[in-house]
Amino acid sequence: MKKVAIIMGSDSDLPVVSPAIKQLKELGIETEVRVMSAHRTPKEAQDFASSAIENGFGVIIAAAGMAAHLGGVLAASTTLPVIGIPCSAKVLDGMDAMLATVMMPPGVPVATVGVNAAKNAALLAAQILAVSDSALMDKLIAMREDMAQQVREKDKAIQEKIKEI
């Protein structure tokens, strides 16, 4: 199975990306986590992305706040899918990162999840890999069914609760 890279713009983004790391591990997907900056280490970021295919990666997740150009820098250097996680900062509550991540020029797409939505980034990466991995697809199908069952159970519990009101 291909690996997933999680690239953070800063080590302060670790609390945001931790749910993605956990989710990928639970699915049995090998993950490499790195810190690279679109502005302070652009060459390293570009080198990583340009060699990602030959290094066994299938998807890159880029987590960055504020200007949030990391996803775009990585996407410009590879044809692998890049998923951006806009990270919330003290200023503008992550909307600046959201806009910087989602507003890519034609030809250099970055799929973007919600602000701080690392678990969704991990699941999207898994879905991309599952297109060519039936065992992973089966895990995702089972996970979805489990989520649906949890909702059914919550609905049943709430129906019982409202009888008491």
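These exercises, each with a worked solution, explore a predicted model of one protein chain.

**Exercise 1. The overall layout**

Task: Find how many helices and strands the protein chain has, and in which order they run.

Solution:
- Step 1. Count the elements. The protein chain holds six helices and five strands.
- Step 2. Walk from the N terminus. The order reads β-α-β-α-β-α-β-α-β-α-α.
- Step 3. Look at the dimensions. Along the principal axes, the C-alpha atoms fill a box of roughly 60 × 40 × 30 Å.
- Step 4. Check the burial. Of the 165 residues, 39% are buried.
- Step 5. Turn to the surface. The accessible surface comes to about 9,300 Å², and carbon and sulfur atoms own 58% of that.
- Step 6. Sort the contacts. Take those with a separation of 6 or more: 67% of them join residues 24 or more positions apart.

**Exercise 2. The sheet**

Task: Work out the order of the five strands in the sheet, and which strands stand at the edges.

Solution:
- Step 1. Recall the principle. Strands of a sheet pair through backbone hydrogen bonds, either parallel or antiparallel.
- Step 2. Read across the sheet. The order is β2-β1-β3-β4-β5, the sheet is open, and the pairing is parallel.
- Step 3. Find the edges. β2 and β5 each have a single partner strand, so each has one side without a neighbour in the sheet.
- Step 4. Follow β3 to β4. Six bridges join these parallel strands. In one pair, A62 has G84 of β4 as its bridge partner.
- Step 5. Go on to β5. β4 and β5 pair over two bridges, again in the parallel sense. Here I83 is matched with A111 of β5.

**Exercise 3. Inside strand β4**

Task: Decide whether the residues of β4 are buried or exposed, and which way they point.

Solution:
- Step 1. Count. Six of the six residues in β4 are buried.
- Step 2. Split them by direction. V82, G84 and P86 point one way. I83, I85 and C87 point the other way.
- Step 3. Conclude. Residues pointing either way from β4 are buried.

**Exercise 4. Helix α4**

Task: Explain why the buried residues of α4 lie on the same side of the helix.

Solution:
- Step 1. List them. A97, M98 and T101 are buried in α4, which spans residues 95-102.
- Step 2. Use the arc. They cover only 100 degrees around the axis, which puts them on the same side of α4.
- Step 3. Name the cover. It includes β3, β4 and β5.
- Step 4. Contrast M95, also in α4. Its relative accessibility is 47%, so M95 counts as partly exposed. The exposed class begins over 50%.

**Exercise 5. Helix α6**

Task: Test whether the span of α6 agrees with 1.5 Å a residue.

Solution:
- Step 1. Take the length. α6 has 30 residues, 134-163.
- Step 2. Compare. The expected span is 44 Å, and the end C-alpha atoms are 44 Å apart, so the two agree.
- Step 3. Inspect the N-terminal end. D133 caps it, with a side-chain oxygen 3.2 Å from the backbone nitrogen of A135.

**Exercise 6. Serine 37**

Task: Say where S37 sits, and what its side chain reaches.

Solution:
- Step 1. Locate S37. The residue lies in the loop between β2 and α2.
- Step 2. Judge the burial. S37 has 9% relative accessibility, so it counts as buried. The cut-off is under 20%.
- Step 3. Trace the polar contacts. The S37 side chain reaches the backbone nitrogen of H39 at 3.1 Å. A polar atom of that side chain also lies 2.8 Å from the backbone nitrogen of R40.
- Step 4. Look beyond four places in sequence. There, S37 is in contact with G9, P42, A45 and L70.

Notes: Residues numbered from 1 in each chain as written. Predicted model: local features only at pLDDT ≥ 70, side-chain atom pairs only at ≥ 80, totals over all residues. Heavy atoms only, no water. Buried < 20%, exposed > 50% of the residue type's maximum accessible area, 1.4 Å probe, protein only. Helix = DSSP H or I, 4+ residues; strand = E, 2+ residues; numbered from the N terminus. Arc of directions from axis to C-beta. Contact = heavy atoms within 4.5 Å. Expected span 1.5 Å × (residues − 1). Polar contact = N/O pair within 3.5 Å; in protein donor to acceptor, adjacent residues only side chain to side chain. Areas by Shrake-Rupley, 256 points an atom, 1.4 Å probe, with all protein chains shown as cover. Pairing = 2+ DSSP bridges.
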